[in-house]
Amino acid sequence: MNAGATVRTTYREAMREAIRDAMTRDPRVFLMGEDVGHYGGCFAVSMGLLKEFGPDRIRDTPLSEAAFVGAGIGAAMGGMRPIVEVMTVNFSLLALDQIVNNAATLRHMSGGQLSVPVVIRMTTGGGKQVAAQHSHSLECWYAHIPGIKVLAPATLEDARGMLWTALEDPDPVIIFEHTLLYNMEGDLAADAGPVAIDRAAIRRPGRDVSLITYGGSLYKTLDAATALAADGIEAEVIDLRTLRPLDEATILESVTRTRRAVIVDEGWRSVGLSAEISARIMEGAFYELDAPVARVCTVEVPLPYPKHLEDAALPQTDGIVRAARHVVGGNG
Amino acid sequence: MPQLGADMAAGKLTEWLKKPGERVKRGDIVAVVETDKGAIEVEIFENGTLDRVLVEPGAKVPVGTVLAMVRGDGEAPSAAPPMPRPMPAVAPSVPKPRPAVAVPERRAPAGPTGRLRVSPAAARLAAERGVDLAGLRGTGPDGAIRIADVAAAPAEVAPAAEPVAALPEPATPAEAIRRAIAAAMSRSNREIPHYYLSHAIDVSRALDWLARGNEQRPVAGRLLYGVLLVKAVALALRDYPEFNGFWRDGRFAPGAGIHVGTAIALRGGGLIAPAVHDADAMTLDALMASLRDLVARARAMRLRSSELADSTITVTSLGDQGVDAVFGVIYPPQVALVGFGTPAERPWADQGTVTTRRVIQASLAADHRASDGHRGALFLARVGQLLQEPEKL
């Protein structure tokens, strides 16, 4: 195979390839969740894997998030490397007790005797008109908890590469897959493999303002940067990639150069990730700032079902452009 | 402590003219303050009773310091009685006395708290370079001063933190005035993009009319031609308000009235331009009386705070000195200055014939941020037209 060869693929296929790769590399890896087997997964990520790996390793579960997430945590403690799929972050709240009280604490509670190397995948985010009980972005709830890592792959490379690195981590890792990204198509290196999960990435360099985002908002933010470039404003776009622990060094280094920051977060503004990032910037780069930190977040309502209202509630490109123009001020 | 000039940072209270307990009414002179421009009488803007004096004579305090408290009619005395009486168990609710002296607004962009809006990066650079933030125009979000604004500003010689203490006390009043002029004029040329227009005005008719009128007046009441110029400028400003007011916080703020500052040369050197309030509404005789009074008190260094701070435009006339024209430097934060040279006999072409007329060269120096040359030309032409009908001034 050529070193530079690429394959045309989608985010969904890249994720499936990541699962297939992990299952092949390590016999301790298995996948379980609602409809992951015969149905091929609610978002068709695991389509075909049942046939390939059999029902022992691709396991359909009852509709009880607390039960199957708990089972996954137990399996991890017992030496397995489970991948647990939860349909949406809204539903994962039923398993919060297992994740927060067990998975995140057991290394501490056992004085270091127990590890919980479980990976929990779930979808997040709106934009598909599935209303308020299926569309929220609650990543910050998990990013609040010491003892777990929280990832948000936004590119094909990260969809393909984060899972294996997460499985190798001795502690629980939660992977948030934005529902709008599954159909995203693009070219991926044919030899794409594991990637680091401890660093943010600068997806577009710029000198005038740092646009800090992650997950499904990355592409809206990159579009905003393109629109700003037409006005002569060079925006830098940071993809956080990992929401816990935050790569503070990359954020502060960028803001120190640009002196301005706009945080784009599909979560709500109040007590959310955007608030945390803003606070870190104040703590670490206050004297470098040339404008107040700005935020573009989802309007503080349960996400509406009608398309025009859903669009109005979510962060959009024009809102990001407006916020960036405001903090840049003056003549740019 | 009122700000009695764009660059005043502190003043010394030299004398209280009212005592606690005395009635005061709007316009009363309550105190005397010593500044770089001499002793200034401080007026009060409230009616009531002087409640408490907070600054003792001899103290030098920063601009904005509360000098005294005034109790409004019907308000109870302040809760600090000198009598050694036991306090009641429950203090009665006491309305808050209002500050006695109105403090003029700061020029630079200020937030709701009155503090300058300066980005942290801009503040640090300003401290490093010794740039005075108060004089800068902010181009950041909501008019905040950002780092580019500081980078574009020239550094001060003295550090910005203590502009008062940075220079030794002036040895003489003349030196103090020189220094105040230096600060204001440097700031003007640094910040104000001036444009200049010049216009020759035939004042023969106006001077003849004035001479005839003066024949009827007692010597002490005779009018100098300068009052015609001041009045003509004041009336023209009614139609061209964009030359009457201040450039503040990145925009033009029209003056509340037409208060014409008239440049007065001081005997010890230097000049001062106190305001004639509402000059457009005064008769020529009243205007003359005002000017005489101002000149006398300016030379005695005994001007009032409102006369120093309120001018909405400046008029300067160097007619006595025989120069043809003067192109002035605007006194910030004003936005215009009208200058007049000597009225002199000149050849004057009119309807195909050359005659001699007495002609005065009028000039306008205006702030291009607040107005444009087209309106400036119309304004100056209007001054010329008004001087053709002196009986209507």
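Which residues of β5(A) are buried on one side, and which on the other? The answer is in point 2 of this note on a predicted model.

1. Overall make-up. Chain A has 13 helices and 14 strands, and 50% of its 332 residues count as buried. Chain B has 9 helices and 20 strands; buried residues make up 38% of its 393 residues. In chain A, 79% of the contacts with a separation of 6 or more are between residues 24 or more positions apart. For chain B, 64% of the contacts between residues at least 6 apart in sequence join residues at least 24 apart.

2. Strand β5 of chain A. This strand covers residues 119-124, and 6 of the 6 are buried, so the rest of the structure largely encloses it. On one side the buried residues are A:Val119, A:Arg121 and A:Thr123, and on the other A:Ile120, A:Met122 and A:Thr124, so that both faces of β5(A) are covered.

3. Partners of β5(A). Strand β4 of chain A (residues 81-88) runs parallel to β5(A) and is joined to it by 5 bridges. Within this pairing, A:Glu85 has A:Arg121 as its bridge partner. Strand β7 of chain A (residues 173-178) also pairs with β5(A) in the parallel sense, over 6 bridges. There A:Ile120 is matched with A:Ile174 as bridge partner.

4. Strand β10 of chain A. Residues 209-213 form this strand; 5 of the 5 are buried, so β10(A) too is largely enclosed by the rest of the structure. A:Val209, A:Leu211 and A:Thr213 point one way, A:Ser210 and A:Ile212 point the other way, and all are buried.

5. Partners of β10(A). Strand β11 of chain A (residues 235-239) runs parallel to β10(A), with 5 bridges between them. A:Ile212 is placed opposite A:Ile238 of β11(A). Between these two strands the chain passes through helix α9 (residues 217-230) of chain A, in a right-handed β-α-β crossover. Strand β13 of chain A (residues 261-268) is likewise parallel to β10(A), joined by 3 bridges, and A:Ser210 stands opposite A:Ala261 in β13(A).

6. Nonpolar cores. The largest nonpolar core has 111 residues, of which A:Leu163, A:Leu211, A:Val262 and A:Ala324 touch the most other members. Domain 1 (7-189) and domain 2 (201-328) of chain A each give at least three residues to this core. A second, separate core of 70 residues includes B:Ala279, B:Leu291, B:Ala365 and B:Leu380. Returning to A:Leu163 in the largest core, and leaving aside residues up to four places away in sequence, A:Leu163 touches A:Ala18, A:Ile19, A:Ala22, A:Val119 and A:Ile175.

7. Contact between the chains. Chain B brings 11 residues to the contact and chain A brings 13 residues. On the side of chain B that touches chain A, α1 (120-129) and α2 (147-152) of chain B each supply at least two residues. The largest share of that side, 4 residues, comes from α1(B). By type, the residues of this side of chain B are 6 nonpolar, 3 polar and 2 charged.

8. A:Thr250. This residue is in helix α10 (residues 248-258) of chain A. A:Thr250 has 19 C-beta neighbours inside 10 Å; 20 or more would make a residue buried, so A:Thr250 counts as partly exposed. A:Ala200 is 50 residues from A:Thr250 in sequence, yet their C-alpha atoms are 6.5 Å apart in space. Apart from residues up to four places away in sequence, A:Thr250 touches A:Arg199, A:Ala200 and A:Ile238.

9. Backbone points to check. Most peptide bonds are trans, and most residues other than glycine have a negative phi. The peptide bond from A:Arg244 to A:Pro245 is cis, with omega near -5°; A:Pro245 is in the loop between β12 (242-244) and α10 of chain A. The bond from B:Pro332 to B:Pro333 is also cis, with omega near 5°, and B:Pro333 is in the loop between β17 (313-317) and β18 (336-340) of chain B. A:Ala44, not a glycine, has a positive phi of about 60° and lies in the loop between β2 (29-33) and α2 (49-53) of chain A. B:Asp278, not a glycine either, has a positive phi of about 50°; its place is in the loop between β15 (275-276) and α7 (284-299) of chain B. A:Ala44 is partly exposed, with 13 other C-beta atoms within 10 Å, and B:Asp278, with 13 C-beta neighbours inside 10 Å, counts as partly exposed.

Terms used
Residues numbered from 1 in each chain as written. Chains lettered and ligands numbered in written order. Predicted model: local features only at pLDDT ≥ 70, side-chain atom pairs only at ≥ 80, totals over all residues. Buried ≥ 20, exposed ≤ 12 C-beta atoms within 10 Å, placed from the backbone. Pairing = 2+ DSSP bridges. Right-handed = clockwise from strand over helix to strand, strands pointing away. Contact = placed C-beta atoms within 7 Å. Nonpolar A, V, L, I, M, F, W, Y, C, P; charged D, E, K, R; others polar. Core = buried A, V, L, I, M, F, W, Y, C linked by C-beta atoms within 7 Å. Domains from an automatic or database assignment.
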